[in-house]
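Reader: Could you take me on a close look at one part of this structure, the second largest pocket, and then show me what else is worth seeing around the two chains? I'd be glad of a connected walk-through.

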Protein chains: 2
Amino acid sequence: MSKPYVIGIDMGGTNTVFGIVDARGVVIASNSIKTRTHNNINDYIDELHHEINRLLEANNATDKIHGIGVGAPNANYFTGYIEENVNLPWPTPIPFAQMLSDKFGIPVAITNDANAAAIGEMTYGAARGIKDFIMITLGTGVGSGIVINGQLVYGHDGNAGELGHMIIKRHNGRLCGCGRTGCLEAYCSATGVARTAREFLEIRTDNSILRDLPIENITSKDVYDAAVAGDKIARDIFEYTGTLLGEALADMTVFSSPSAFVLFGGLAKSGELLLRPLREAMEKNMFPAFKGKVKVLLSELKEADAAVLGASALGWEAKQAVMAPAAAVGTAAPAAPMA
Amino acid sequence: MSKPYVIGIDMGGTNTVFGIVDARGVVIASNSIKTRTHNNINDYIDELHHEINRLLEANNATDKIHGIGVGAPNANYFTGYIEENVNLPWPTPIPFAQMLSDKFGIPVAITNDANAAAIGEMTYGAARGIKDFIMITLGTGVGSGIVINGQLVYGHDGNAGELGHMIIKRHNGRLCGCGRTGCLEAYCSATGVARTAREFLEIRTDNSILRDLPIENITSKDVYDAAVAGDKIARDIFEYTGTLLGEALADMTVFSSPSAFVLFGGLAKSGELLLRPLREAMEKNMFPAFKGKVKVLLSELKEADAAVLGASALGWEAKQAVMAPAAAVGTAAPAAPMA
């Protein structure tokens, strides 16, 4: 391969992290800029371009880049656009793949952050060699990337894999950011855990070290620390969260019969506090044909590198634009990326 | 193509229907035998072989068969086996694809009935030209066949697409045939509708022509006839069933973002009695990104031919066994069938 590197860009609501990655998944160098400094998207792209070029020059990697992969909120693999309703300072939709490709003169592929994580895990992480798995990202929200027969599932419009918005409580469910009620994300995200803490502390009367904190400020990290310290209410919060997530994973299994789920993100680092009730609930609620067959794995990507690695893996696919530039944005054929 | 026909075999619990089908999906000739006549599977296959040969000879089609496709309960595309726990008179697992292939000297591909229906609909029916759809079969149970990017989803073990066993009532749900409670199938199948009728008639006190029937014998057809005649309870039963199914379809959408659902089977013929509440509930519960984008279609396969057509479409794929006989059973590569 004449071009030995790819660039991975992970655009978050606060930071945009980017790195140069080789074919074995080693992050050669990385850096970041603030996402929200510029009110004009072109200024943001100018700064990103400038900083990435500096990184390339410092690492003697200019002209050695095969492609650029981007994970960004609501980014659509098919269209190359960042679509509506995201927590970014610019008007949407944004033809982000085309804009970057024009700026860098390098093919660009984009997808949402959870899909990027799934591709990264399949290429470099816990899902290497696994053809059917579902990535669940447990962060501020709950994201997912679904891989079937070695191919990421994009759906007819590029928006497949919104498993955080499966409705797990049909009646009297919590209000979700999507405007509906009862979504998985409203319970099993970091913010969901904090909401559960407030509910439990209000309903129950037993002691808890969480009661020493201002109730509105309690975070999932506070709940984790309290649970590790043996706090009963905190442990019950993880029991509740893990049970709901395990029930949901059992329901996801009847769809695509994955051989594994891969968990990623802050909550996934809670270890057995979350995993024990999760596995118990998953097996208890599993359709008989799948009982005992589905593994629950934790991400194996180094946390600091994970987002960039996931995005970068997509950079290896970003070649259609080279062979057929006219199809780069808006009309890209919905070809399976890993075929 | 030198061999212009395929054979489709639909093995049901009562009848086994088979037909000779051409490349345009015309059923040239068909016939059937009783599934349960023989206690020995070999005798069943002998009779099937004999009758199919008679049909081939009568239609001058011997030596013109490209492959045999079979839809059968719990049949696994990867292994070629009919797996455990099915309502058939023979011990399982049964290496059915290998047994048929040995008998006929023709490549055989098998899958479960709902997957066969999805392939049939994609090849000849309402889903022609649709790359992402979900087939829902509403019969005695609720089956499903999922198509993503033009390929049927088999999952890591061949058992994907058991959407009838999504749990739609987490607490106090009805007992399902699978041993768990609250499955979609326990509510939205023909038997589910009959159970709803019994529940409604017991709980409610208003008049209904359904009260003229022995309550234990009420069928979904009775409920349909009563609803068409304007019976309030019967109409409410369809409202309830359609609402539950619509809510479930909305949840399925976040998985694979299909552009359509295709409904098949007895209940699907209830028309707007089922479809109006179904569409309303689906849209009301739809994740915003998918609102107004997902069609609900009815099967376009002629009912008498549908099962055979669906199975036969799989016959066109049944060629691996010719090129690599050793891989026909048990070790077949999990290649995507429609690739």
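Author: Happily! The second largest pocket of this predicted model is lined by 49 residues. To find its centre, look for A:P73, A:N74, A:D113, A:G141 and A:G143, which lie nearest to that point. Several elements of chain A give two or more residues to the lining: the strands β1 (5–11), β6 (133–138) and β7 (142–148), and the helices α3 (113–124) and α9 (303–315). Of these, α9(A) gives the most, with five residues. The pocket has a volume of about 1700 Å³. By class, its lining divides into 21 polar, 19 nonpolar and nine charged residues.

Now let's turn to where the chains meet. Here, 40 residues of chain A are in contact with 40 residues of chain B. Between them the two chains bury about 3500 Å², and carbon and sulfur atoms account for 57% of that area. On the chain B side, the residues that lose the most area to chain A are B:H156, B:R170 and B:F255, together 22% of what that side buries.

There is plenty of polar detail to follow here too. The rule finds six salt bridges across the interface of chain B and chain A, along with 20 residue pairs in polar contact. A salt bridge to pick out on your screen joins B:D251 to A:R170, with the closest N and O atoms 3.5 Å apart. As for elements, β7 (142–148) and α7 of chain B give two or more residues to the side of chain B that touches chain A. The most comes from α7(B), with six residues. By class, that side of chain B has 20 nonpolar, 11 polar and nine charged residues.

Finally, a look at the enclosed spaces. The structure holds two cavities of 30 Å³ or more, and the second largest has a volume of about 80 Å³. Its lining draws on both chains: A:M166, A:D251, A:M252, A:V254 and A:F255 from chain A, and B:L163, B:M166, B:D251, B:M252 and B:F255 from chain B. The elements that give two or more residues to this lining are α7 (232–256) of chain A and α7 (232–256) of chain B, with α7(A) giving the most, four residues. By class, the lining has eight nonpolar and two charged residues, and no polar ones. You have already met two of its residues: B:D251 lines this cavity and also forms the salt bridge with A:R170, while B:F255, another lining residue, is among those in chain B that lose the most area to chain A.

How values were computed
Residues numbered from 1 in each chain as written. Chains lettered and ligands numbered in written order. Predicted model: local features only at pLDDT ≥ 70, side-chain atom pairs only at ≥ 80, totals over all residues. Heavy atoms only, no water. 1 Å grid on protein atoms, 1.4 Å probe; cavity = no way out; pocket = protein on both sides within 12 Å on 5 of 7 lines; lining within 4 Å. Points joined across faces, edges and corners; volume = space filled by probe spheres on them. Nonpolar A, V, L, I, M, F, W, Y, C, P; charged D, E, K, R; others polar. Contact = heavy atoms within 4.5 Å. Buried area = accessible area lost by both parts, 1.4 Å probe. Salt bridge = Lys/Arg side-chain N within 4 Å of Asp/Glu carboxyl O. Polar contact = N/O pair within 3.5 Å; in protein donor to acceptor, adjacent residues only side chain to side chain.
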